[in-house]
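Welcome! Please take a moment to look over the sequence and the model, and then read on for a guided tour.

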Amino acid sequence: MNIVTQAVNIFAQALKFLDFWAGSYLLHYLSARLCWHIALEYGPDALIVPSLWGQDIIDAFFLEEKYPDFAAFMQRDIELNKFCEIHPVAERFNHKESNSLSTAGFPNVITTLVPGLGQAKQLGNDLAKKLRNEWIEIGEKVRDHIRATVGREITQSASNWNSLGQEVISSLALARPQRETLVQYWTKFGEKVRAEIRKLKENKASNSDPKERVVTNQERHDIFRRILDEDFKDRMSSQPSLSLLSPYLHDLRKWLLEANWEWNEIWSQQLTNSWEPYWSAVPLGTPNHCLTISQTDDKFVDWKNAQQKLSQAWLGIPSKAEEASFNTFNVGTWWGSFQQRLRIAIQAVKNTRTWNIPVAPGERSTISGQYSAVHPNLNYRVVNRRGEDQDFREGGGLPEGSMRLFWLLMSKAYPGLFSGSERLNALELTKRMAWQFGGVAKKLGVETTVPSQKLDDEDIRALNLEDNAQSEPVDYERLIRFPNLSSIAAARFVHDAIAQENLDPQKPRNSPPRRYWKALADAVRVELGDENKQEMRRRLASRTRCRAFQVAKTDQVINREQFPGRNFNGVMFSGKWLADDMGLEERQDIDRIRRAVQAAHQKAGFSDGSPSDWWVVVLADGDGMGQYISGSKLENYEKYLVDVDTAHFSNEITEDYRKLREETKKRMGPATHIGLNRALLDFSNRLVPYLTEKRFCGKVIYSGGDDVMAVLPLEDLPEYLRSLRAAWSGDKDPYAKQDSICEFNVSNGQFAEVTTRTGYWYPSFKGDTEADKRESHKQSGLPYRPLFTMGKTATMSMGVVIAHKTVPLPTVLENLWVAEGDRAKKMYGKDGICFRVIYSGGNTLEALMKGHLLDGWWYIAQQYQGEQDSYQDKLSPMLYRLAEELPKRVDVSQPELFALAAQVIMNRRDEDRKIAKIEPHIKEWLDNWAQWAQTAAQSAPDKLGATSDDLGYLLRFTAFWVDKMVQRQKWKQASSAAPNGSPELMTAVR
């Protein structure tokens with residue numbers, strides 16, 4: 001049985017990086033909930049895809065909902081050489097030992113075994129109902145939390161009330177005197193309301209019943225209404241301009257009471273129509289026959305023909321060699337064909353869907369353009385009043401100003417989560433708020449609060465702040481452990497610079513990031529030195545020093561002991577995003593922050609760019625996975641059977657056995673499918689998180705089976721792709737010693753460097769002794785055992801987008817899907833890599849490369865790190881010259897001429913002689929590229945990636961990457977403009 005849950009495409013749409021994570025995670029979470037339901041009904045072994053073995057989210061459900069007492073028996077300090085970690089996963093997350101609970105990985109296609117057709121129908125219907133109920137439950141919790149929080153916010157915070165009034169009044173386009181009059185009254189109105197509430201609190205304080213001491217929203221509403229009816233109306237008679245505030249104050253009065261919120265129906269309609277679950281079922285074996293049969297049974301031929309017909313196998317199964325070698329058969333022999341038929345059936349159901357997004361009246365979502373943006377007074381229903389139907393599904397004439405007021409209020413009630421200019425529908429609100437306010441984290445046992453952090457004394461002095469200033473809590477980023485784009489972009493630069501600084505604790509701590517922050521503090525003190533800007537300076541410190549990068553490898557070198565107030569956050573490198581994070585609204589304040597960041601860049605030596613300028617997103621997908629599941633990717637039996645002495649066999653049996661071993665492909669059966677699942681689990685749950693977040697300074701967005709999506713700094717890209725490909729196919733770890741692979745020795749239980757491939761993979765770790773390697777391994781979080789891979793013939797296609805920070809996220813995502821699905825996957829033989837660089841102006845550079853050429857390309861590209869005087873400024877110009885001239889001189893019909901033409905071009909200028917050492921490698925790589933391109937051009941009609949122009953784009957991309965690396969290398973060196981005359985720094989060893 002196959003179950004697919006299909007959400008509307010707005011789950012993949014995002015304007016904020018937070019939404020990017022939230023959409024992937026919510027799909028993962030709901031799929032895991034369905035798997036949990038199946039496991040409770042039929043047992044975990046009934047699930048074929050995904051396997052529940054070693055899935056942290058399932059373990060969390062197990063503890064929180066089924067057997068909470070088991071937590072007391074789980075060990076905290078265990079050796080990682082055991083086959084699984086058995087201490088509570090939520091505890092590992094809360095102590096920042098693992099981020100697995102906030103990393104997506106479950107697919108939305110589930111395959112399971114059920115006892116019969118009736119049970120299949122029942123399970124399909126139950127799962128559809130379960131999915132909708134889980135989703136609606138999360139959405140209703142979010143809805144109710146908003147209603148309660150916004151109501152309280154209206155009368156609680158003086159600063160938010162005043163800020164709200166200024167933003168509302170500034171939108172009215174009034175003359176300055178009139179605007180100031182309205183602002184003054186708005187402020188006084190809020191003061192009167194809060195004064196009355198304080199007085200009521202004091203009167204209630206002595207009450208013996210704790211419940212009676214609380215000021216209810218009804219009492220707040222009554223106070224607000226009384227002041228509005230008395231004071232406001234009296235003043236309007238003498239100041240008619242106050243009438244402009246009337247609709248806004250009346251809206252706020254209504255929203256104080258939850259009973260006045262009329263949006264339940266619009267939430268219900270949007271949440272109910274979010275999903276379309278569908279399923280298909282294929283019988284495994286014929287209903288009138290047993291699952292196993294012997295060849296001596298007189299019904300064997302009929303049984304075999306029935307299985308063949310039911311599975312719709314393309315080839316005759318079993319083969320003559322199999323029939324001659326085996327006495328007994330079972331339906332598992334046709335397993336691959338049944339799986340193929342199941343995939344075709346679910347695709348047929350998908351292609352015949354009639355489901356559409358319902359009509360969305362009124363103002364639409366600003367993120368997706370789909371569904372109505374929610375509002376407390378959007379009463380989406382037909383109401384019968386006095387015998388007449390009144391249709392409120394169009395919003396009942398909802399004023400635009402009221403919509404603006406509500407979303408401004410949302411930005412005050414949930415600081416950092418909403419900008420005030422957004423308009424979201426119920427699906428997008430649920431997606432963004434599900435983790436903390438929709439009960440998702442609670443069901444996993446994860447803590448949903450983070451304490452405010454005290455600023456470091458040195459930073460308090462640097463920004464001229466009051467003593468013991470407390471930072472504001474930044475909820476979501478710290479709760480979900482997911483970085484902003486600025487932190488991703490700057491992660492490797494900051495890591496390497498501070499790692500180099502940490503090598504000698506005796507020297508002054510004066511790495512480039514620290515010098516930059518000191519320069520930023522100086523510039524901010526100049527720009528925002530007024531006493532009334534103290535709050536703004538404190539907010540800057542909280543955003544840049546009290547927030548970690550949320551990139552595990554970088555945070556480890558910055559603040560290993562996790563001391564409060566001693567972190568860095570990459571947003572400090574970007575004036576625009578820093579102003580946004582600080583919640584600045586006045587144009588003057590935003591300009592001041594931007595000037596301060598620009599001044600800090602110049603003083604720290606970043607005048608020609610910024611560490612936060614470029615970030616990378618990678619989408620990788622295994623090639624031909626359907627062929628693995630059907631079994632067509634399997635090899636002949638000789639690869640799987642042990643050698644047997646056939647001397648005592650008859651000649652006929654010996655020949656049959658030879659044909660079985662040498663001419664017959666192994667079948668995909670249930671046991672082999674389990675092995676496939678184990679390989680996919682080791683790759684997605686173990687190796688991808690390790691490589692992305694422990695070896696490199698990246699972050700996993702999604703890792704499930706053969707699908708990987710991750711974000712990285714630009715510096716890590718080539719080596720990350722090489723490591724990912726090696727882990728997928730069991731190839732040599734790029735970090736291993738030359739011509740060696742790390743493999744497990746069963747006899748002594750240890751790992752050693754070997755020269756042959758066995759299909760397993762184990763990353764190389766630093767250290768000369770076994771104890772050193774074990775310690776390095778323990779820090780990795782990987783189990784001390786061989787890790788399954790897909791085998792040496794497995795390949796991956798990858799889409800890579802390198803985006804400037806000014807490029808909108810939807811544009812990046814759209815290019816990513818195209819790069820992976822329409823370009824890399826469609827290269828000749830697949831195994832393609834499509835690089836897309838999107839510049840700040842919107843221009844795009846696309847380069848295509850075959851996967852097997854990556855290692856040779858990387859050897860050339862990394863030579864910028866060589867002899868600094870000769871390589872740094874010479875390699876990139878030479879690559880640009882080759883990119884410009886080679887396509888004009890040579891065609892793929894004559895592949896042998898590429899290297900010769902390149903030699904002529906490289907010899908043309910004297911300065912190119914300084915990099916003569918890498919010329920042979922460039923010529924060798926061009927030869928390899930030309931040989932592949934000739935074959936691809938002859939075999940593939942579209943010649944994708946196999947033309948001379950494609951080579952030019954690839955060389956141009958290489959030059960772009962080298963340029964950026966040289967730029968970063970220069971930033972790490974001391975500059976005369978740097979404060980304190982810091983010494984020259986070398987690039988840290990990774």
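What follows is a short report that starts with the whole protein and then visits a sheet, a pair of helices and a few single residues.

## The protein as a whole

Keep in mind from the start that this is a predicted model. The protein has 35 helices and 18 strands. Of its 990 residues, 54% count as buried.

The accessible surface comes to about 43600 Å², and carbon and sulfur atoms account for 48% of that area. How much of the contact in the protein with a separation of 6 or more comes from residues 24 or more positions apart? Such pairs make up 73% of those contacts.

## A sheet of six strands

A good place to begin is an open sheet of six strands, whose order is β10-β11-β9-β16-β17-β18. The pairing in this sheet is mixed. At the edges are β10 (699–704) and β18 (844–850), each of which pairs on one side only. From one strand to the next, the twist averages 15 degrees. As general background, strands of a sheet pair through backbone hydrogen bonds, and they can do so either parallel or antiparallel.

Let us walk across the sheet, beginning with β10. This strand runs antiparallel to β11, and five bridges join the two. One of the paired positions is Tyr702, whose bridge partner in β11 is Met709. The two strands form a hairpin with two residues between them, and Gly705 in the turn has a positive phi of about 65 degrees. Is edge strand β10 mostly covered or mostly uncovered? It is mostly covered, as six of its six residues are buried.

## Further across the sheet

Next comes the pairing of β9 with β16, an antiparallel pair joined by nine bridges. Here Ala620 stands opposite Met798 in β16. On its other pairing, β16 runs parallel to β17, with six bridges between them. Ala803 has Ile838 in β17 as its bridge partner.

Strand β16 is also mostly covered, with nine of its nine residues buried. Which residues point each way from β16? Met796, Met798, Val800, Ile802 and His804 point one way, while Ser797, Gly799, Val801 and Ala803 point the other, and all are buried.

The walk ends with β17 (residues 832–838) and β18, which run antiparallel and are joined by seven bridges. In this pair, Arg836 stands opposite Glu846 in β18. One helix also belongs in this picture: α27 (residues 717–729) lies across β9 (614–622), β11 (707–713), β16 (796–804) and β17. The helix runs at about 160 degrees to β16.

## Two helices that cross

Now turn to helix α4 (residues 117–156) and α13, which pack at an angle of about 90 degrees with their axes 9 Å apart. Angles of 65 to 115 degrees count as roughly perpendicular, and α4 and α13 are therefore roughly perpendicular to each other. From α4, the contact is made by Ile146, Thr149, Val150, Glu153 and Ile154, and from α13 by Phe406, Leu409, Met410, Lys412 and Ala413.

Helix α13 (residues 400–413) also holds Trp407. Trp407 has a relative accessible area of 0%, so it counts as buried. Leaving aside neighbours within four places in sequence, Trp407 is in contact with Val374, Phe418, Gly420, Glu422, Arg423, Leu424 and Leu429. The C-alpha atoms of Trp407 and Leu424 are 8.9 Å apart, with their positions 17 residues apart in sequence counted as separation. The side chain of Trp407 also reaches the backbone oxygen of Val374 at 3.4 Å.

## Two more buried residues

Pro513 is found in helix α19 (residues 512–527). It counts as buried because its relative accessibility is 0%. Setting aside neighbours within four places in sequence, Pro513 is in contact with Phe493, Val494, Ala497, Ile498, Phe568 and Met572. Pro513 and Met572 are 59 residues apart along the chain, and their C-alpha atoms are separated by 9.8 Å.

The last stop is Thr286, in the loop between β4 (275–280) and β5 (292–294). Why does this loop residue count as buried? Its relative accessible area is 13%, and buried means under 20%. Not counting residues up to four places away in sequence, Thr286 touches Ala306, Gln307 and Leu310. The side chain of Thr286 makes polar contacts with the side chain of His289 (2.9 Å) and with the side chain of Gln307 (3.4 Å).

Methods. Residues are numbered from 1 along each chain as its sequence is written. This is a predicted model: local features need pLDDT of at least 70, side-chain atom pairs count only at pLDDT 80 or more; totals for chains, interfaces and linings use all residues. Side-chain values use heavy atoms; hydrogens and water are left out. Two strands pair if DSSP finds at least two bridges between them. Helices (H or I, at least four residues) and strands (E, at least two) are DSSP runs, numbered from the N terminus. Axes are lines fitted to C-alpha atoms, for helices over the stretch in contact, and angles run from 0 to 180 degrees between N-to-C directions. Contact means heavy atoms within 4.5 Å. Buried means under 20% relative accessible area, exposed over 50%, partly exposed in between (1.4 Å probe, protein chains only). A polar contact is a pair of N or O atoms within 3.5 Å; within protein, one must be able to donate a hydrogen and the other to accept it, and residues adjacent in sequence count only if both atoms are side-chain atoms. Accessible areas come from the Shrake-Rupley method with a 1.4 Å probe; for residues, only the protein chains shown count as cover. Angles under 35 degrees count as roughly parallel, over 145 as roughly antiparallel, 65 to 115 as roughly perpendicular and the rest as oblique.
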